[in-house]
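Here are some short exercises, each with a worked solution. Have the model open and try each task before you read on.

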Amino acid sequence: MTADARATVRRLAAGAYRRLGRLGERVLGADTLAGARADPGPDLLDPAVPPWAPLPAGGGTGVLCSVCRWQGDAFGGTEHVELSLCPACGANGRDRFLHWCLEQRVDLGPALRVIECSPRMSQTYRDAMATWFFYRTSDYDLRAHKGNLQLDLQAIELPDACLDVMLCAHVLEHVPDTDKALAELRRVVAPGGHLLLQVPLLQGRTAPPTEPEFHGDDTPVFWRFGFDLTARLRDQGFDANLLCTAELADAVASGVNPWPKWAGEFDVPGILAGAIAADLEVVADRPTASRLGITPGYMYLTWDCRVAAP
């Protein structure tokens, strides 16, 4: 396949990235995804068990949802950041990785002031988060995602230094002016606080889509980010590192692609070429990543953006 043909395939696949949740039933078969949710599992998110309580010890086999603590033989769906589903709470791979990063990087407690931008998960999840933290949700227009607050990340109508944690997953790519948004996010995060940021990191360097691109809720994509986003976060005053699994960090360090096949929307050779080893920080070794269902490693990246304490 020529380079132009590969680029065309990646571009078409990228347009379907967030549509995979809808397409999953057709790709995997209705019975497969129905089976992933057939067993409601334990008591979903138990408000009596906060996320700062230790996770159950691993027994060497099976998987664990870092969001609701369900344990079983395997997650539903397929091994993909969007399609690997917890049968109890519905968390997909990126939800589990975001919460793992939250648990690993933030000193959790009930006094934390937390806003989650455009949360993907259910009202049950939001209710549980609100029992554990001073928790609010936001969305740009409250159309695709319900929230307590209507916020434009380019002009956040909140006081300075009012948040301890901002969870922002798969939102920034939909914001036209990245630098304005990053400056505003830096302004509202208090000293000692964290912005945990996820974007679909499909390529090595940031560029706009080459043709109109929309995600599954028909929201336009303005930017397809790469590893140079770390420097832009630091330019806005964050102490930023890119959290990853050992599988990806080892691949970047060795310069060898360990994945003979990869999902078409990801430019894995470009990702390995563009990744900056010094910016990466491993938060899950290989056994942990397998247990949490956060593989393959090239799909799982989260920026931890800290504001220095006084």
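**Exercise 1.** Find out why Cys-168 forms no bond with the closest cysteine sulfur.

*Solution.* Start with the criterion: a disulfide is a pair of cysteine sulfur atoms within 2.5 Å. Next, look at the distance: the closest cysteine sulfur, in Cys-117, lies 4.0 Å from that of Cys-168, so it is too far for a bond. Finally, check the surroundings: Cys-168 is buried (under 20% relative accessible area, exposed being over 50% and partly exposed in between, with a 1.4 Å probe and protein chains only), at a relative accessible area of 0%.

A note before going on: this is a predicted model, where local features need pLDDT of at least 70 and side-chain atom pairs pLDDT 80 or more, while totals for chains, interfaces and linings use all residues. Residues are numbered from 1 along each chain as its sequence is written, and side-chain values use heavy atoms, leaving out hydrogens and water.

**Exercise 2.** Count the disulfides in the structure, then examine Cys-86.

*Solution.* The count is zero. Cys-86 is in no disulfide, and the nearest cysteine sulfur, that of Cys-68, is 3.7 Å away. Cys-86 is also buried, with a relative accessible area of 0%.

**Exercise 3.** Determine whether Pro-296 is buried or exposed, and list its contacts (heavy atoms within 4.5 Å).

*Solution.* Pro-296 has a relative accessible area of 8%, so it is buried. Leaving aside residues up to four places away in sequence, Pro-296 touches Glu-79, Glu-247 and Trp-259. As a last step, compare sequence with space: Pro-296 and His-80 are 216 residues apart in sequence, yet 7.5 Å apart from C-alpha to C-alpha.

Conventions
Contact means heavy atoms within 4.5 Å.
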